Amino acid sequence: MNKPKLAICMKDLEYQARFVNCFMNHYKNMYELHVFTHLDQLKEENPLVYAIIITGEYTLEDMMCFVERGEIILNLTEDFVEKKDALVENFICTEKYQEVYKIAELVELLVADKVRGQDSSFEKSHEIVGVFSLTQEAYQTPFAALLGKIYGEQQKVFVLDLQTYSGFREEDASSMGLEDLLSAVTTGNHSKSRILECIRHEADWDYVCPVQNNQCLAEGSKELYDALIALLVQELGYQKIIINFGSAFLGQLDMMEQSQRIYWLCGKEPGWREEAFSKELARLERGLLLQKLQKIEIPQISNREMSWRALLEKWNWGYMGEYLRGTLDQEVPRGAAV
């Protein structure tokens, strides 16, 4: 993936080391970081190489050569005073000692603005991929995570978990999650920082903690989940949405039909529930959805007693990961990296 390049060069090298470490832990799948220990090293680079230059405690005079050639500077300072000067609109200051996610939020907005400025036809786009099963439900969570990991090597990925008792909420059970996001969509009362509080980051993909009250999932609707996806794409720039389907909700078949494909997890022999589902789709004349179902046979050596994280790693380095990578290599990623 052609990730936006960020240059980092700060006077406080101890703070810079902590900042880079934290940024790499949470946002390495979003950006390509280039770290410098002295400003002269950065000045030797070609102009306009970086989406953003993140500095610390440097003055406008120090950075003027970059500003004059059109670079965007984000300066982290202890003496931050919020103000706007039209003459130095590319030299943006923010508080040094604040939560890293707030700095990351500002970086994302600046990168998006720069991309739009370079290409007036810029438009965020996304595709939806589904995971579904009627006989191998226990494997949906690790399979959705595996898709997130593989797609995340090329695109910005979000896993939307709509399966009851999926197991994603195995830690930090009291944290904000899907219920909070759905409430924000319903009321229209949301901010980017509040959205980010609900998001959890894996190495190559993001997800939101599942609902604490699983009844909420069945009470949802396609319109509600569509609005949630639109919000995530608009605010955070996700390019691939992986939906882990579970309990039926109003408009679920329509939502599955609008997906690029549905990975239908099954066993070696078709079960009676799978046959009933296929007959129901035929009766409803859902030929398009039938065409989008891609059956995936779960390996017999898979262990239901393993955690979803353990199965994810096992599949990633086995036949399943190899097969999926071969399949996804044939796809052409859509949208621009943000």
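Biologist: How do you know that strand E1 (residues 5-10) and E2 are joined?

Modeller: Five bridges run between them, and the two strands are parallel. Strands pair if DSSP finds at least two bridges between them, so E1 and E2 count as paired. Helices (H or I, at least four residues) and strands (E, at least two) are DSSP runs, numbered from the N terminus. This is a predicted model, in which local features need pLDDT of at least 70 and side-chain atom pairs count only at pLDDT 80 or more, while totals for chains, interfaces and linings use all residues. Residues are numbered from 1 along each chain as its sequence is written, and side-chain values use heavy atoms, without hydrogens and water.

Biologist: What makes E2 and E5 edge strands?

Modeller: The open sheet has five strands in the order E2-E1-E3-E4-E5, with parallel pairing. Strand E2 (32-36) and strand E5 (91-95) each pair on one side only.

Biologist: Why is the pair of Phe23 and Tyr27 called tilted?

Modeller: Rings of Phe, Tyr and Trp (its six-membered ring) pair if their centres lie within 6.5 Å; planes under 30 degrees apart count as stacked, over 60 as edge-to-face and the rest as tilted. The centres of Phe23 and Tyr27 are 5.1 Å apart and the planes stand at 45°, so the pair is tilted. Both residues lie in helix H1 (residues 13-27), four residues apart, about one turn of the helix.

Biologist: Why is the pair of Tyr319 and Tyr323 called stacked?

Modeller: The ring centres of Tyr319 and Tyr323 are 6.0 Å apart and their planes are at 25°, so this pair is stacked. These two tyrosines are four residues apart in helix H14 (residues 319-328), about one helical turn.

Biologist: What makes Tyr319 exposed and Tyr323 partly exposed?

Modeller: Buried means under 20% relative accessible area, exposed over 50%, partly exposed in between (1.4 Å probe, protein chains only). Tyr319 has 62% relative accessibility and therefore counts as exposed. Tyr323 has 31%, so it counts as partly exposed. Phe23 and Tyr27, by contrast, are both buried.

Biologist: How do you know that Lys96 lies over the face of Tyr15?

Modeller: A charge sits over a ring if NZ of Lys or CZ of Arg is within 6 Å of the ring centre and within 35 degrees of the ring normal. Lys96 is at 4.9 Å from the ring centre of Tyr15 and lies over its face. Lys156 lies over the face of Tyr238, at 5.0 Å from the ring centre.
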